[in-house]
Amino acid sequence: ARKFLLAKHFNGPPNVDDFKIIEEDLPDIKDGEFLAEAVYLSVDPYMRAYSHRMTEGSPMVGSQVAKIIESKNEDFPVGKYIAANFDWQTHTISSTDGVGTPYLLPDLEELPLSYGLSVLGMPGNTAYFSFLDICKPKAGETVIISGAAGAVGIIVGQVAKMQSCRVIGITGSDDKGQYIVENFGFDGYVNYKRENLEEQLKQAAPEGIDCYYDNVAGEISTTVIKQMNTFGRICICGSISSYNTDINNPPKVSCVQLHMLRKQLLMQGFQSIPYRNRIFESINQHLEWIREGKLKYIETITEGFENMPKAFIEMLEGKNLGKAVVKV
Ligand code: NDP
C-alpha cells in the first residue's frame, strides 16, 4: 500500500514538502476482514484544521471510496464499493465496524462513484442536517452562503432555492460566482476578493439578510452579520479563513456581539460527526433530488494518488469548484 504521512506540521498554508509518501506491505486478511483498494480519495478543509492534533510522521486522516478486492467477510463481498474514513492510502484492511467505519455504497447506477465523497457523502450529510434545522429559512427570505461554490455551499444554495428563498453566494472569484448563478440557480453572488464587500452585499441583498450559512468566518462573516435583519439565523459550518493560522496566535476576532444583540440573532455551530450514522437519510434524499433534476452537482477531480498533496493545497487555495476529489 502507498500512503501519505504528515512529515512536518504545516506552517501557514501547506506545502508539498510537508508530506511524505511511503510504501508498506499489508498482512494477509483474517476471518471477518476485507481488503479495499482506493478508487477516489477526498481532500477536505477539516484535514488542515485537524492537522494541529496530529503528530509528525502519522498518516494523513482521510476518507475514500474503495473497491473490495479480497474478503473474508460476507457483509463486504469482493467487487462491492464502500465509503470509509481510511487514511490517505491506496489499500486498507478493515472489517464490519472496523478501521474507518466502512459502509457499502448504494447502487449509484449512472452517477459517478466519487459522489460517495461529495453530495452523497460527508459534505452532503453536512448540508442536509445543518441548513434547514439551524437556519429555518422561510419562503421569500434572503440567504447568504459563504464558501458558496464549494462542496457544501452548492448544495445549501440549491436547497435554499427549493425553499423559495433569495440566495446570494460569496465566492473568491467572478468565474465561480457566475458558475453558481448559471448552473445552480443562485440569484446572485458577491466576490470577497473584490473591493468593498459591504457595498456589494448591500446591492445583492437590498432587503437585508435573514439567514447566513457560514463556511469561512473572519472578516467576511463580520461584514455579513452586520447586515442581518432582526431575528436572523446563522449556521456556523466552517471557519476556513482561520485554518492556516497559528493556533497559538489566533487572529484577533472581530466583534459581532453588538450586532447580534441589537438584531436578536441566533448563531449555532454544526458538527457532522454525530450525524454520520444517519448518512443514508441524506444519501436517499439527495439521490431522489438528483434523479428528479432538482439537485445538481460538480466536482473538481485531480488524477493520481501521488497528487493528493497538490489537490489538498489547491482546494485550500480555492482552485476547486464543488467538491475536490482525487482519482487514484
Ligand atoms: P470547499 O469545497 O468549499 O473548499 C474550500 C473553499 O474555501 C475554497 O474553494 C475557497 O473558495 C474557500 N476559501 C479558502 N480560503 C478561504 C478564505 N481565507 N476565506 C474565504 N474562503 C476561503 O470546502 P467544503 O465545502 O468541503 O467545506 C466548506 C467549509 O465547511 C469548511 O470550512 C469546512 O471545514 C466546513 N465543513 C464543516 C463540516 C462540519 O461538520 N461542521 C463538514 C464539512 C465541511 P473561494 O475561491 O470561494 O475562496
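**Helices, domains and the ligand shell**

Q: Which residues of α6 does α5 meet through Leu197, Glu198 and Leu201?
A: Contact here means that C-beta atoms, placed from the backbone, lie within 7 Å. In this predicted model, local features need pLDDT of at least 70, side-chain atom pairs count only at pLDDT 80 or more, and totals for chains, interfaces and linings use all residues. Leu197, Glu198 and Leu201 of α5 have as their partners in α6 Ile220, Thr223 and Val224.

Q: How does α5 lie relative to α6: oblique or perpendicular?
A: Helix α5 covers residues 197-204 and helix α6 residues 218-226; their axes (lines fitted to C-alpha atoms over the stretch in contact, with angles from 0 to 180 degrees between N-to-C directions) come within 10 Å and cross at roughly 40°. Angles under 35 degrees count as roughly parallel, over 145 as roughly antiparallel, 65 to 115 as roughly perpendicular and the rest as oblique. The crossing angle therefore makes the placing of α5 against α6 oblique.

Q: Which residues of α3 meet Gly124, Ala127, Phe131 and Leu132 in α2?
A: Residues are numbered from 1 along each chain as its sequence is written, and helix α3 spans residues 153-162. Where α2 brings Gly124, Ala127, Phe131 and Leu132, helix α3 answers with Ile155, Val156 and Val159.

Q: At roughly what angle do the axes of α2 and α3 cross?
A: The axes of α2 and α3 come within 9 Å of each other. Their angle makes α2 oblique to α3. The crossing is at roughly 45°.

Q: How does α2 lie relative to α8: roughly parallel or roughly perpendicular?
A: Helix α8 takes in residues 279-291, and the axes of α2 and α8 come within 9 Å and cross at roughly 95°. That angle is why α2 counts, against α8, as roughly perpendicular.

Q: Which residues of α8 does α2 touch with Gly124, Asn125, Tyr128 and Phe129?
A: Gly124 also takes part in the contact of α2 with α3. On the α8 side, Gly124, Asn125, Tyr128 and Phe129 of α2 find Ile279, Ser282, Gln285 and His286.

Q: How far apart are the centres of domain 1 and domain 2?
A: Domain bounds come from an automatic or database domain assignment. The chain is divided into domain 1 (2-117 + 299-327) and domain 2 (122-269). Taken over C-alpha atoms, the centres of these two domains are separated by 29 Å.

Q: Which element gives the largest share of the side of domain 1 that touches domain 2?
A: The contact takes 12 residues from domain 1 and 14 residues from domain 2. On the domain 1 side, the largest share is three residues, and they come from α1.

Q: Which elements give two or more residues to the shell around the ligand?
A: The shell holds 32 residues (a residue is near if its C-beta atom, placed from the backbone, lies within 6 Å), and the closest are Gly150, Gly172, Gly238, Ser272 and Gly318. Helices (H or I, at least four residues) and strands (E, at least two) are DSSP runs, numbered from the N terminus. The elements asked for are α1 (45-50), α2 (122-135), α9 (308-316) and β15 (323-327).

Q: Which domains does the ligand lie between?
A: Residues of the shell come from both parts of the chain, 2-117 + 299-327 and 122-269. The ligand therefore lies between domain 1 and domain 2.

Notes:
Contact = placed C-beta atoms within 7 Å.
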